[in-house]
Amino acid sequence: MTGRVPLFEAEGIVMRFGGVVALRKVSVTQFEGETLGMIGPNGSGKTTFVNVVTGHLAPQEGRVRVAGAEVTGFRPHRMAAAGITRTYQAVRVFRELTVADNIATATVDAPNRMDADEIAATLDWLQLGHRLAVPAGSLTLFEQRRLEILMRLVQRARLIMLDEPVGGLSATEVRAMLQVLGDLRRRTGLFVIEHAMKVIRELADSVVVMLAGEKLMQGTPAEILADKRVVDQYLGRAHA
Amino acid sequence: MTDALRKHGRGLLVFAVAAYALPLLLAGNRYFAFIGGIALLHVVWTAGMSLLYGYAGLMPLMFAGIAGISAYAAVGLMAAGFAFWTALPVAALFAALVGVGLGLPALRLKGFYFTLCSLVIQTVITLAFVYFVNLTNGDTGISQIAPPAWFGGPLQGVGFDLVLATLAVGAMVALVLIVEAPFGRRLVAVREDDELAEMLGIDVVRQKLAAFFVGSLFAAVGGAFYAPYVGFVSPRSFDVLLSLNIWLMVAFGGRGTIWGAVVGTVLLAPLPFLLQDYYKVKDVIYGLLIIGVIVLLPGGILGGLGSRAAAGTGTQSPGLRRKEAA
Ligand SMILES: Nc1ncnc2c1ncn2[C@@H]1O[C@H](COP(=O)(O)OP(=O)(O)OP(=O)(O)O)[C@@H](O)[C@H]1O
Ligand SMILES: [Mg+2]
């Protein structure tokens, strides 16, 4: 691993929704050059954590730092400017706009955006070049997920937080997506929430295990898979 | 910028020819010419509403109120001795700023809630027109508003109609330039999915604010010209029905299309005058039109055509390089 320069540092994050405590003093640091995974049962706070780091939610306690600067409570457009972006658990593109317009929209307020040649090359790589004139809503789910990634890449995001990137994909598509993500992690920082252990095992250098809003443990995929608590609490049911 | 003009050049040219021809063709009948002038004035308003509703996805029911503030301000300044051409920019800027100030709380709201809030604001503005009798002459309104001066004489008749034609053409050119600029792309993103737009780096609140200011300026400029053109203003001239009518013209013609608003205006702006003798059924017809548009024509007359045309341009150019260059 290079340097040990943090991409983001989340420290003691507490996020409450009325009576529900979705995050209880969660601290996570992701370093440059490392792919971080996050697993945990439904409702354990994974999406909420991404919402806090990317500025969708302002936490009641704790702080988020990016490149050493405090960014807690920044709105998402400022997080995007700082290079921190995310995809959504339910795929999200501008469905009525063409693929070309989706991409153009992603570049309109991205100061560090790719030039036209780089965009063309990235389009080729993600095999979306022939779909430019199609409304994004009529793409297949797999294509929409690739478009989501493309729209972050053209901004030259430093970190893309992927919320269940293979959710809803067929077995063949999952394999193809794994290849895409394998290449992607060489281009940019990746944070991956997944239930599919296969994805986590192949991609993540380090895995955060969430349980009921708390960070249960963190370790390499091998380490967490060997932990009895993880096996009992989570994999016992979800491992497939 | 030149790209935008090239793309819509033919449309703008056709519109300009029609706009200037209209007053000349109707010059023989002052009543029809007046209706034509009113329609041209409405083009300025629908261009602003098109920006707000068609592109930014906001339905501002205080649109007429802002036009009214500008109209009263212009009349007040003229009464205080200022020339119309001095009063115009001052009144328009003042009204647009007041509009933004009043709209500020509403701009944090989405969709239906924004519309509801804007309805309340419009109601307050109308009440203010009635209440501040010293400034507005209350319900009675202000009549015999003097025409603007124009090369030594008063601006009236065909001359005024042609000035309104120039104004309408200017409004459409401005709309094309705004919509084709990166600003237009941001507004469409906000309309389609504001949360996603924000995530992609677009400052949603700021874009809405800017759109609201520019849209209000269209409302205000139209309002300032309305006063001397019609020669009479009252709280009823700028009530919520005007906001709804202008909205209807945009929705009827085709939301999010440049020329839809113009088509809607041409078809609907003369209606109140042509139906003047059937005053009772007028509101019924409007009600039916509003329901008809919402239920039968959610995309407006040009809506279907517009999306087909958009798909067409997509195939011939990836759009990327063009946008990159812009
Ligand atoms: N906006 C919200 N308002 C109220 N409660 C919320 C909100 N967002 C999340 N929660 C609650 O916070 C808890 C954590 O939810 P979260 O979506 O972060 O879980 P998750 O780990 O992503 O689950 P999943 O695997 O199902 O996606 C849940 O109890 C959820 O109901
Ligand atoms: Mg989730």
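1. I would start in chain B, where B:Gln144 is exposed, with a relative accessible area of 76%; here buried means under 20% relative accessible area, exposed over 50% and partly exposed in between, computed with a 1.4 Å probe on protein chains only. This residue has a positive phi of about 50° although it is not a glycine, and it is found in the loop between α6 (133–136) and β1 (149–150) of chain B. Helices (H or I, at least four residues) and strands (E, at least two) are DSSP runs, numbered from the N terminus.

2. The model is predicted, and local features need pLDDT of at least 70, side-chain atom pairs count only at pLDDT 80 or more, and totals for chains, interfaces and linings use all residues. Residues are numbered from 1 along each chain as its sequence is written, chains are lettered from A and ligands numbered from 1 in the order in which they are written, and side-chain values use heavy atoms, with hydrogens and water left out.

3. Chain A has a residue with a positive phi as well: A:Gln127, which is not a glycine, has a phi of about 55°. A:Gln127 sits in the loop between α4 (116–125) and α5 of chain A, and at 54% relative accessibility it counts as exposed.

4. Helix α3 (residues 99–108) and helix α5 (residues 141–153) of chain A have axes that come within 8 Å and cross at roughly 30°, the axes being lines fitted to C-alpha atoms, for helices over the stretch in contact, with angles running from 0 to 180 degrees between N-to-C directions. The contact (heavy atoms within 4.5 Å) is made by A:Val99, A:Asn102, A:Ile103 and A:Ala106 of α3(A) and by A:Leu147, A:Leu150 and A:Met151 of α5(A). These residues divide into six nonpolar, one polar and no charged; Ala, Val, Leu, Ile, Met, Phe, Trp, Tyr, Cys and Pro count as nonpolar, Asp, Glu, Lys and Arg as charged, and the others, Gly among them, as polar.

5. For the magnesium ion (ligand 2), the protein donors are A:Thr47 (OG1) and A:Gln89 (OE1), lying 1.9 to 2.2 Å from it. A:Thr47 lies in helix α1 (residues 46–53) of chain A and A:Gln89 in the loop between β6 (84–86) and α3 of chain A, so the pair ties together parts that are 42 residues apart in sequence. Donors are N, O and S atoms within 2.8 Å of the metal (3.2 Å for Na, K and Ca), and water is not among the atoms, so sites may look incomplete. A:Thr47 is partly exposed at 23% relative accessibility, and A:Gln89 is partly exposed with a relative accessible area of 39%.

6. A:Val208, in strand β9 (residues 206–211) of chain A, is buried, with a relative accessible area of 0%. Its C-alpha atom and that of A:Leu36 are separated by 7.5 Å, although the two residues are 172 residues apart along the chain. Leaving aside neighbours within four places in sequence, A:Val208 is in contact with residues including A:Val28, A:Leu36, A:Ile39 and A:Met217.

7. Returning to chain B, B:Asp194 is found in helix α9 (residues 194–199) and counts as buried at 16% relative accessibility. Apart from neighbours within four places in sequence, B:Asp194 is in contact with B:Lys110, B:Ala189 and B:Val204.
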